[in-house]
Amino acid sequence: MRKSFKLENLDCANCAAKMEAGISELPGVSKATISFMTSKLMIDADTDDAEAFAAIVDAAQQVCASYEKDCIIKR
Amino acid sequence: MSPKQKRLLTRIVVALVIFFAVIALEETGVLRATFGSPGDVYAEFALFLIPYLIAGYDVIAGAFRGLVRGHALDEDFLMTVATFGAFSLVAFPHTEPHMAEGAAVMLFFQVGELFQSYAVDKSRKSIADMMDIAPEFANVMEEGKLKQVDPFELAPDDEFIVMPGERIPLDGVILTGESQIDTAALTGESVPRTAQPGDEVISGCVNLTGKLVVRATKPFEDSTVSRILELVENAAEKKARTENFITRFARVYTPIVVGVAAVLAIVPPLLFGQDWADWVLRGLTFLVVSCPCALVISVPLSFFGGIGGASRLGILVKGSNYLEALGSTETVVFDKTGTLTDGTFAVTELMCAPGVTEAELVATAAAAEAFSTHPIAQSVRAYGEAMANGERPGGAPATNGGRPATDAAPLADRVRDVREVSGQGVEATVDGRAVLVGNGKLMAAHAVPFQATDAAGTVLYVAADGAFLGTIVIADTIKPTAAQAIADLRAAGVKKTVMLTGDRADVAASVAARLGIDEVHSELLPQDKVAEVEALLAETERTSHGKGKLAFVGDGINDAPVLTRADIGIAMGAMGSDAAIEAADVVLMNDNPDDIARAIDLARRTMRIVWQNIVFALGIKFAVLVLAAFGIANMWMAVFADVGVAVIAILNAMRAMNVRN
């Protein structure tokens with residue numbers, strides 16, 4: 001399953017790069033990209049299950065907040 | 001400015017006022033007079049802490065938060081360590097410690113952050129404005145009243161109304177009404193198109209003059225405008241090699257600089273008895289320069305600006321990687337039809353065998369080609385129909401009173417066993433006769449003795465039951481801008497242009513000579529084109545030592561395999577064609593071959609901006625690092641090398657968005 005999300009309050013480009021690396025390393029994520037300019041996060045996960053995917057997004061939210069505390073994944 | 005930015009601005013202003021007040025107190029000697037020496041240093045320390053904390057408390061908080069979460073070496077952390085360090089020099093009052101610097105670094109870091117966040121917002125907004133081609137509503141007639149609905153709610157076959165001045169919400173066909181349509185937002189083309197009932201209209205274009213009633217042909221999410229927006233937004237996901245390089249570089253840059261900083265601060269004083277305060281300060285200066293933000297922001301921003309700017313010209317680039325590749329294009333390969341020629345064929349010459357009338361020749365060929373959708377077949381049929389109606393396009397009236405001899409029965413009954421021979425022509429049984437229509441290879445394959453011709457154009461030989469009937473010459477019209485386009489490509493630095501075509505060698509050669517194309521491969525079957533492109537790819541790789549790229553330009557209709565195989569697949573005239581948008585890496589909405597050179601120019605310009613930023617940012621940082629190691633650069637310079645450079649790089653990157661229309 002592959003989904004794009006808008007990121008709110010993404011202010012730092014270097015943080016975006018670190019978030020991207022962090023989310024890519026989450027279990028179940030095959031690829032993640034963050035475009036700093038469009039503030040968009042794309043997650044490509046191995047699972048097709050909506051609940052499992054939501055769990056991955058939750059984990060991704062944790063990663064984002066650890067770099068920028070106000071950064072929110074909008075879903 | 002956002003509320004967050006306004007709050008930061010207020011803090012910075014307050015902190016600046018206090019900061020300069022303290023400086024004034026120090027410079028006028030008030031502090032020394034009041035507290036004596038070294039008492040004044042401690043007073044300074046306390047006083048400068050006030051603006052420092054006002055400006056930077058959130059940075060310090062962020063640093064500790066990062067530390068707790070295990071992300072050391074982030075920007076906040078480095079700034080905090082650098083400034084804490086500067087303040088800690090109060091422990092060496094005899095060295096005239098740089099209390100002001102500690103506060104100033106934090107202040108200017110925040111000024112830079114504010115600038116940076118403002119510039120990023122600005123460029124995000126201008127990109128958003130550029131993409132503002134999405135229609136907000138559709139008008140539908142409900143119970144005799146006009147009602148605005150979300151375009152999402154409409155389905156194919158729904159009817160909607162577009163008033164003058166409004167954006168067309170969905171792709172569709174005009175039912176009633178005539179108007180001028182402005183396609184500039186999609187194609188960059190400033191001359192409006194005329195649209196009449198039956199014409200297709202494309203979503204995202206603006207209806208200029210008349211009210212139109214349109215029947216939707218696609219749902220909103222599949223309409224051109226949605227697809228373009230999706231494509232441009234997703235373009236950022238395909239990162240260029242340069243971008244990935246910068247991200248990787250950033251990952252090692254910071255730890256290395258921080259490591260060197262630690263060595264500088266500790267080793268000389270410890271081992272060589274140097275002055276602690278001096279060397280710690282040098283180390284701290286290093287820390288300030290250790291954030292790679294200028295690069296990490298400005299490189300993707302340049303690419304995104306370039307992609308955004310291109311889309312305004314009707315050139316859609318599907319990823320930063322393709323823009324980068326486009327910038328190093330050395331070979332451009334054209335599939336002739338639909339790119340250099342406009343693909344409309346017309347019969348230009350008839351040559352009959354003895355005893356055969358022109359009408360018979362054309363009618364036989366037209367019947368055999370009756371079910372083919374090939375443009376050549378269509379032009380033969382069109383010519384045949386015109387003859388049958390007693391007209392003869394561009395010539396004298398037909399010779400046998402206009403009517404072909406055998407047109408009584410419907411075509412489907414007269415024509416049987418149609419077989420298209422790829423790259424050769426058509427075989428069919430027409431009125432019981434075995435008819436062959438095709439090129440020399442087809443005639444040779446059936447051992448038909450035929451009169452070969454060297455007329456320029458596509459030559460169709462016609463034979464029935466093994467007897468040669470004559471020759472039909474069909475020529476393709478070259479696009480008016482094609483020659484200019486080839487010249488422009490050369491000016492843009494393309495080393496080689498190649499034309500691939502299924503046409504005969506002499507036709508191909510005559511077109512190539514007129515356009516100034518370097519190399520021609522003709523009489524190719526569709527599958528041959530992939531092989532030719534592969535050979536050319538290898539050649540480009542060899543001659544450019546792996547740096548040059550090959551672009552293939554097709555009309556996107558049946559060249560998907562070649563488009564995919566080339567380094568960069570460019571589809572032309574793709575407005576409204578899903579297949580082309582799908583298969584290509586770069587999509588030219590217009591039919592104009594000149595756009596290829598413009599796209600390459602734009603890509604080169606973007607790459608120049610990217611490299612300017614990389615060289616500039618790294619150059620300044622490196623220079624400041626070296627100067628700091630020798631104790632020449634101070635913290636002020638370091639702050640400039642960090643945030644000043646970032647702001648300048650962002651401003652430079654934003655130039656990528658500006659395109660001449």
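The following paragraphs describe the sheets, helix packing and nonpolar cores of a predicted model.

Confidence in chain A comes first. The mean pLDDT of chain A is 86. In this chain, 100% of the residues reach 70 or more. Among its elements, β1(A) has the lowest mean pLDDT, 85. The highest, 89, belongs to helix α2 (residues 50-67) of chain A.

Chain A contains an open sheet of four strands. Their order is β2-β3-β1-β4, and the pairing is antiparallel. Strands β2 (29-35) and β4 (72-74) of chain A stand at the edges. Each has a single partner strand, so one side of each is left without a neighbour in the sheet. On average, neighbouring strands of this sheet are turned by 30° against each other, direction ignored. Five bridges link strand β1 (residues 2-8) of chain A to strand β3 (residues 40-45) of chain A, in the antiparallel sense. Within this pair, A:Lys6 has A:Lys40 in β3(A) as its bridge partner. Helix α1 (residues 13-24) of chain A packs on the sheet. This helix touches β2 and β3 of chain A, and its direction makes about 170° with that of β2(A).

Chain B holds an open sheet of seven strands, with mixed pairing. The order is β10-β22-β21-β20-β11-β18-β19. At the edges stand β10 (315-317) and β19 (519-521) of chain B. Each of these two pairs with a single strand, so one side of each is left without a neighbour in the sheet. From one strand to the next, the twist averages 20°. Strands β21 (residues 568-571) and β22 (residues 586-588) of chain B pair in the parallel sense, over two bridges. Here B:Ile570 has B:Val586 in β22(B) as its bridge partner. Helix α18 (residues 526-543) of chain B packs on this sheet. It touches β11 (329-335), β18 (496-500), β19 and β20 (549-554) of chain B. The direction of α18 makes about 165° with that of β11(B).

In soluble globular proteins, nonpolar side chains tend to be buried together. The largest nonpolar core of this model has 183 residues. B:Val333, B:Ile570 and B:Val586 have the most contacts inside it. Helix α21 (residues 594-629) of chain B gives the most to this core, with 14 residues. Apart from this core lies another, of 36 residues. Among its members are B:Val347, B:Leu350, B:Leu361 and B:Val435. Beyond its neighbours within four places in sequence, B:Val586 is in contact with residues including B:Ile315, B:Val317, B:Ile568, B:Ile570 and B:Ala599.

Strand β9 (residues 212-216) of chain B has two unlike faces: B:Leu212, B:Val214 and B:Ala216 are on the covered face, and B:Val213 and B:Arg215 on the uncovered one. In a regular strand the side chains alternate between the two faces of the sheet. Strand β3 (residues 159-162) of chain B pairs with β9(B) in the antiparallel sense, over four bridges. B:Val162 stands opposite B:Leu212. Strand β4 (residues 172-176) of chain B also runs antiparallel to β9(B), joined by four bridges. There, B:Gly172 stands opposite B:Ala216.

Two helices of chain B complete the account. Helix α8 (residues 241-272) and helix α10 (residues 293-312) of chain B pack at an angle of about 170°. Their axes lie 10 Å apart. The two helices are therefore roughly antiparallel to each other. Residues of α8(B) that meet α10(B) include B:Thr242, B:Ile246 and B:Ala250. On the α10(B) side, B:Leu295, B:Val299 and B:Phe303 are among those met.

Methods. Residues are numbered from 1 along each chain as its sequence is written. Chains are lettered from A and ligands numbered from 1 in the order in which they are written. This is a predicted model: local features need pLDDT of at least 70, side-chain atom pairs count only at pLDDT 80 or more; totals for chains, interfaces and linings use all residues. A nonpolar core is a set of buried Ala, Val, Leu, Ile, Met, Phe, Trp, Tyr and Cys residues joined through C-beta atoms within 7 Å. A residue is buried if 20 or more other C-beta atoms lie within 10 Å of its own, exposed if 12 or fewer, and partly exposed in between; C-beta atoms are placed from the backbone. Two residues are in contact if their C-beta atoms, placed from the backbone, lie within 7 Å. Two strands pair if DSSP finds at least two bridges between them. Axes are lines fitted to C-alpha atoms, for helices over the stretch in contact, and angles run from 0 to 180 degrees between N-to-C directions. pLDDT is the predictor's confidence in each residue, from 0 to 100. Angles under 35 degrees count as roughly parallel, over 145 as roughly antiparallel, 65 to 115 as roughly perpendicular and the rest as oblique.
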